[in-house]
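Trainee: I have the model open. Can we go through the terms and what backs each of them?

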Amino acid sequence: MSTLYLVGIGPGNRGEITEDAIKSLEDSDIIMGYAKYIELIEKFIENRNVVPGSVTDEMERANRAINYVMQGKNVSIISSGDSGIYGMAGIVFEILAAHKYDIDVKIIPGITALNSAGSLLGVPFMNDFCSISLSDRLTPVDIIIKRIHAAGSGDFVTALYNPVSSRRTELIKKAREIMLEYRDKSTPVGIVKNAYRDGQKVEISTLENFLNFNIDMFTLVVIGNSSTYVYGKYMITPRNYNKKYDI
Ligand code: SAH
């Protein structure tokens with residue numbers, strides 16, 4: 001039986017991709033994905049009899065992959081980070097459910113940007129957190145805004161995926177304004193660009209000033225909660241050991 005692998009490649013570096021991901025890629029007749037991510041993993045795959053899918057449209061890519069599997073091919077669709085977090089597994093499963101297709105699918109988990117960026121920032125996610133994608137391509141802006149309010153009022157550490165795009169530059173400003181309704185302007189904000197990739201940049205700013213930093217579509221923005229503080233080059237969200245123990 002042939003399989004559709006939905007492979008999370010993590011940030012793309014060899015050290016942060018799992019053995020299962022590599023095995024799935026090696027077991028695939030066809031590997032599909034955004035060209036930039038194909039490039040990242042090509043160098044790690046030993047059996048190179050692989051046809052990279054060149055389609056850029058997610059819907060078309062998913063449909064083509066499902067068709068290849070039905071024709072008896074093993075196919076991997078790769079996503080950066082984790083495929084189940086704003087990745088290709090979503091559209092694939094929606095299509096499978098809508099058409100009641102019955103094919104063998106395996107999701108291979110990957111290190112999501114929240115993990116990779118978090119590890120570079122220190123321990124920002126040591127207490128309750130949430131992630132919000134600022135992409136309004138599939139989610140209406142008013143829902144995104146409602147969720148930012150909820151994150152702010154709930155005092156969740158908040159990771160902002162897709163903080164800006166070439167077309168969408170205003171929503172991040174709105175996100176900052178909303179967060180300032182709930183948190184102090186000195187709240188630490190981490191800005192991680194290209195985690196574990198060429199061009200990696202890790203910076204820590206504040207809710208007041210973080211927009212002065214270069215934020216692009218390869219950046220994850222991490223807004224601390226009301227207890228998050230900075231220690232040297234790290235962000236610490238305390239789990240409050242100090243309240244229970246003498247440290
Ligand atoms: N499936 C991916 C997320 C895709 S959405 C995952 O699990 O990580 C794309 C967004 O993820 C980017 O706009 C950026 O905010 C974030 N991202 C992905 N890779 C990143 C990296 N290496 N460094 C920083 N942010 C990253």
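Trainee: How do the residues of the shell around the ligand divide into nonpolar, polar and charged?

Mentor: There are 10 nonpolar, 6 polar and 2 charged residues. Ala, Val, Leu, Ile, Met, Phe, Trp, Tyr, Cys and Pro count as nonpolar, Asp, Glu, Lys and Arg as charged, and the others, Gly among them, as polar. A caution on the source: this is a predicted model, where local features need pLDDT of at least 70, side-chain atom pairs count only at pLDDT 80 or more, and totals for chains, interfaces and linings use all residues. Residues are numbered from 1 along each chain as its sequence is written, and side-chain values use heavy atoms, with hydrogens and water left out.

Trainee: What makes the approach of threonine 112 to an oxygen atom of the ligand a polar contact?

Mentor: The distance. A polar contact with the ligand is a pair of N or O atoms within 3.5 Å. A polar side-chain atom of threonine 112 lies 2.7 Å from a ligand oxygen. Alanine 113 qualifies through a backbone N or O atom, at 2.9 Å from an oxygen of the ligand. Threonine 219 uses a polar backbone atom, 2.7 Å from a ligand oxygen. The protein buries 93% of the 540 Å² that the ligand exposes when taken alone.

Trainee: Why is the pair of lysine 193 and aspartate 216 called a salt bridge?

Mentor: A salt bridge is a side-chain nitrogen of Lys or Arg within 4 Å of a carboxyl oxygen of Asp or Glu. Here the N to O distance is 2.9 Å, so the pair passes. Lysine 193 sits in strand 9 and aspartate 216 in the loop between strand 10 (201–206) and strand 11 (219–223), so the bridge ties together parts 23 residues apart in sequence. Both residues are buried.

Trainee: Why is arginine 183 called buried, and aspartate 155 partly exposed?

Mentor: Buried means under 20% relative accessible area, exposed over 50%, partly exposed in between (1.4 Å probe, protein chains only). Arginine 183 has 4%, so the residue is buried. Aspartate 155 has 27%, so this one is partly exposed. Their side chains also meet in a salt bridge, at 3.6 Å from N to O.

Trainee: How do you know that lysine 106 and aspartate 104 form a salt bridge?

Mentor: Their closest N and O atoms are 3.3 Å apart. Lysine 106 is partly exposed at 39%, and aspartate 104 is partly exposed at 23%.

Trainee: How many salt bridges does the whole structure hold?

Mentor: The search finds 10. Asp136, Arg167 and Arg168 are linked in a network of them.

Notes: A polar contact is a pair of N or O atoms within 3.5 Å; within protein, one must be able to donate a hydrogen and the other to accept it, and residues adjacent in sequence count only if both atoms are side-chain atoms. Accessible areas come from the Shrake-Rupley method with a 1.4 Å probe; for residues, only the protein chains shown count as cover. Helices (H or I, at least four residues) and strands (E, at least two) are DSSP runs, numbered from the N terminus.
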